Structures are given as C-alpha cells and as structure tokens.
Amino acid sequence: MKIGRKSFDFKNNAYIMGILNLTPDSFSDGGRYNTLDNALKHCEQMALEGADIFDIGAESTRPGHIQISDQEEIERLVPVIREIKRNFDIPVSVDTYKSAVAKAAVSEGADLINDIWGLKYDREIARVIKEADVPCVLMHNRRSSDYKSFLADVVSDINESLMIAESAGIDKDKIIIDPGVGFGKTYEHNLTIIRELDVLKIFDLPILLGTSKKSVIGLTLNIPTDERTSATVATTVLGRMKGASIFRVHDVAENKQALLMTEAIIKNGLN
C-alpha cells in the first residue's frame with residue numbers, strides 16, 4: 001500500500017504509527033503538544049525513535065470527551081500538517097470522523113484518514129476519501145456495548161463499513177481495519193478482541209492495533225496512564241503474533257524495539 005510517497009508491505013512487515021495529540025484534554029498527554037513548536041519537537045523525537053507514520057488528532061475521543069466544532073478542529077490541525085509536511089518525509093495520518101475536517105486535512109497534504117467510526121458517523125467522509133485518493137483506517141465502533149455474539153457482531157459491523165467504502169468507490173487496497181480497542185466495548189470485550197485479533201484475517205486487509213495506555217490496561221493492572229508503557233508493549237508483541245501490522249502508540253522507541261525483536265523471531269528462527 002502506498003501512503004503518501006512511502007510504500008508499505010503490510011503482508012510481510014510491521015510498522016509503528018506514532019501518536020501526536022493536539023488536544024488539551026487527551027487522556028494520555030493532553031496539552032503537552034498543542035502548540036506548533038511542541039508538536040514539531042515531538043514529531044522529531046518520534047522520527048528519531050523509528051515512527052513510520054504520524055497520526056495527528058485534534059479532538060479527544062476518550063470516553064466522555066466534549067465534541068468540538070469542525071472549524072476548531074481544522075484550525076488546530078492545518079498549521080501542524082503544513083509544518084510536518086515541510087519538515088519530515090513521514091506520512092501523515094489524520095484522526096477524524098468528520099468529512100469537512102478530512103477534506104481540509106487532505107487539501108493540506110494529509111496522506112491517510114483514520115476514522116474511528118468506520119465511515120458510519122458522517123457518510124460524506126467516504127466521498128472525501130475517494131476523491132482525495134488516499135488510504136483510510138476503518139475502525140470498529142458502536143454507541144453501546146450491547147452485542148448478541150461479540151466476535152461475530154464485530155465482523156459484521158466491520159463488513160458494514162467495508163460496504164460503505166465499496167459504495168463510495170474506495171479501492172480495497174486502500175483500506176486498513178482496526179478492531180477498536182476501547183470503543184463500544186466492555187473490559188472483557190477489549191481483552192477478547194485483543195486475544196482473538198486473528199479473527200479479522202477473514203477480511204484479508206491490513207490490521208491496525210491501538211491499545212496504547214488505554215483503560216483495558218489500567219483496569220487490568222490498576223496503574224495510572226503514565227505507567228502503562230510496558231503493558232502496551234506486551235499487547236504490541238501479542239498483536240503482531242496475531243497478525244496486526246500497524247501499531248498506534250504513544251511510546252515509539254519501546255514499541256519499535258519490541259516489534260523488531262518479534263519480527264526477528266518470526267522471520268529468522270529455524271524451521
């Protein structure tokens with residue numbers, strides 16, 4: 001898959017997507033990078049640590065978050081996208097579910113749209129993605145955690161997103177799927193989807209796993225957000241063994257090292 005000017009071999013390799021939150025209220029690092037200078041310094045650090053993609057979010061999507069207007073989200077994003085594209089040769093993903101924001105982002109050079117609602121919140125976003133000819137991440141999400149058969153329902157929900165994409169003319173080779181850890185799921189659902197991640201191989205699409213510092217880790221270990229790096233690394237290793245090829249993380253260096261070690265074991269061990 002081509003993302004920006006870079007080619008990604010998701011069938012054979014794994015990659016790190018480094019998180020840049022421009023929000024004052026993100027659950028993990030709210031307010032740390034919501035100035036242009038701090039955002040660029042963080043990107044520089046992530047690049048040095050081995051990030052393959054930058055994922056920029058300008059609205060918090062943590063539980064209980066306050067939705068901001070399209071215009072405010074655009075105003076936070078646009079200056080940062082411009083400067084990142086000017087200073088780094090790393091593809092830029094934008095974390096948004098709003099068509100107006102996606103349109104503004106791709107017009108400034110964003111290379112990937114990461115939609116936490118899998119094209120279901122704002123149906124116009126599918127058209128924007130198609131017209132911009134950029135890849136997209138379609139994440140599983142629900143407004144409640146009420147399932148009849150959890151894994152079967154997740155598969156069915158993702159299939160609905162893929163049908164929306166197909167109707168809009170988005171090519172299958174431009175789609176990445178995400179099981180949506182922490183979204184529309186109970187604690188037990190989150191553990192289950194991580195453990196059973198390989199159920200998504202049925203779609204024959206790249207799988208993105210985003211567990212970084214999330215509540216499933218905090219609830220399991222009873223530790224605060226800033227102490228969840230090691231546990232996140234554990235999910236990255238397990239996720240790779242289960243078939244994920246993109247890992248959306250806050251701590252690039254630690255997860256990159258774990259991923260390289262996992263890859264060495266998978267690829268270079270004796271048969």
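## Strands β6 and β5

Strand β6, which spans residues 112-115, is covered on both of its faces, with Leu-112 and Asn-114 buried on one side and Ile-113 and Asp-115 buried on the other. This description, like everything that follows, refers to a predicted model. In a regular strand the side chains alternate between the two faces of the sheet. Strand β5 is likewise covered on both faces, since Val-92 and Val-94 are buried on one side, and Ser-93 and Asp-95 are buried on the other.

The two strands β5 and β6 pair in the parallel sense over 3 bridges. Within this pairing, Ser-93 has Leu-112 of β6 as its bridge partner, and Asp-95 has Asn-114 of β6 as its partner. Strand β4 (residues 53-57) runs parallel to β5 and is joined to it by 4 bridges, with Gly-57 standing opposite Asp-95 of β5.

## The sheet as a whole

These strands belong to an open sheet of 8 strands, whose order is β8-β7-β6-β5-β4-β3-β10-β9 and whose pairing is parallel. Strands β8 and β9 (208-209) stand at the edges with a single partner strand each, so one side of each is left without a neighbour in the sheet. Strands of a sheet pair through backbone hydrogen bonds, either parallel or antiparallel.

Towards the β8 edge, strands β7 and β8 run parallel and are joined by 4 bridges. One residue that can be placed in this pairing is Cys-136, whose bridge partner in β8 is Ile-175.

## Trp-117 in the loop after β6

Trp-117 is located in the loop between β6 and α4. With a relative accessible area of 16%, Trp-117 falls under the 20% limit and therefore counts as buried. Leaving aside residues up to four places away in sequence, Trp-117 touches Tyr-97, Met-139, Asn-141, Arg-142 and Arg-143. The C-alpha atom of Trp-117 is separated by 8.9 Å from that of Thr-96, although the two residues are 21 residues apart along the chain.

## Helix α5 and its surroundings

Helix α5 comprises residues 150-168, and its 19 residues reach 28 Å from the first C-alpha to the last, which is close to the 27 Å expected at 1.5 Å a residue. Just after α5, Gly-169 takes a positive phi of about 90°.

The buried residues of α5 are Phe-150, Asp-153, Val-154, Asp-157, Ile-158, Ser-161, Leu-162, Ile-164 and Ala-165. The cover over these buried residues includes the helices α4 and α6 (187-195), together with the strands β7 (136-139) and β8 (175-178).

## Salt bridges

Side chains of opposite charge can pair when their charged atoms come close. The structure holds 23 salt bridges, and one of them brings together the side chains of Glu-73 and Lys-98, at 2.9 Å from N to O. This pair links distant parts of the chain, for Glu-73 lies in helix α2 (residues 70-87) and Lys-98 lies in the loop between β5 (92-95) and α3 (99-107), 25 residues apart. Both Glu-73 and Lys-98 are buried.

A second salt bridge is formed by the side chains of Arg-240 and Glu-263, at 2.6 Å from N to O. Arg-240 lies in helix α8 (residues 229-241) and Glu-263 in helix α9 (residues 252-268), so this salt bridge ties together parts that are 23 residues apart in sequence. Arg-240 and Glu-263 are both buried. Elsewhere, salt bridges that share partners join Asp-55, Asp-95 and Arg-248 into one network; Asp-95 is also the β5 residue that has Asn-114 as its bridge partner in β6.

Arg-127 and Glu-124 also form a salt bridge, with their closest N and O atoms 2.6 Å apart. Here both residues lie in helix α4 (residues 124-132), 3 residues apart, or about one turn of the helix. Arg-127 is partly exposed, with a relative accessible area of 34%, and Glu-124 is partly exposed as well, at 37%.

## A nonpolar patch on the surface

Val-237, Met-241 and Ile-266 make a nonpolar surface patch of about 250 Å². Met-241, which has its place in helix α8, has a relative accessibility of 53%, and because this is over 50% the residue counts as exposed.

Definitions and conventions
Residues are numbered from 1 along each chain as its sequence is written. This is a predicted model: local features need pLDDT of at least 70, side-chain atom pairs count only at pLDDT 80 or more; totals for chains, interfaces and linings use all residues. Side-chain values use heavy atoms; hydrogens and water are left out. A salt bridge is a side-chain nitrogen of Lys or Arg within 4 Å of a carboxyl oxygen of Asp or Glu. Buried means under 20% relative accessible area, exposed over 50%, partly exposed in between (1.4 Å probe, protein chains only). The expected span of a helix is 1.5 Å times one less than its number of residues. Contact means heavy atoms within 4.5 Å. Patches are made of residues with over 30% relative accessible area and no salt bridge: like charges are joined within 9 Å, nonpolar side chains (Val, Leu, Ile, Met, Phe, Trp, Tyr) within 5 Å. Accessible areas come from the Shrake-Rupley method with a 1.4 Å probe; for residues, only the protein chains shown count as cover. Two strands pair if DSSP finds at least two bridges between them.
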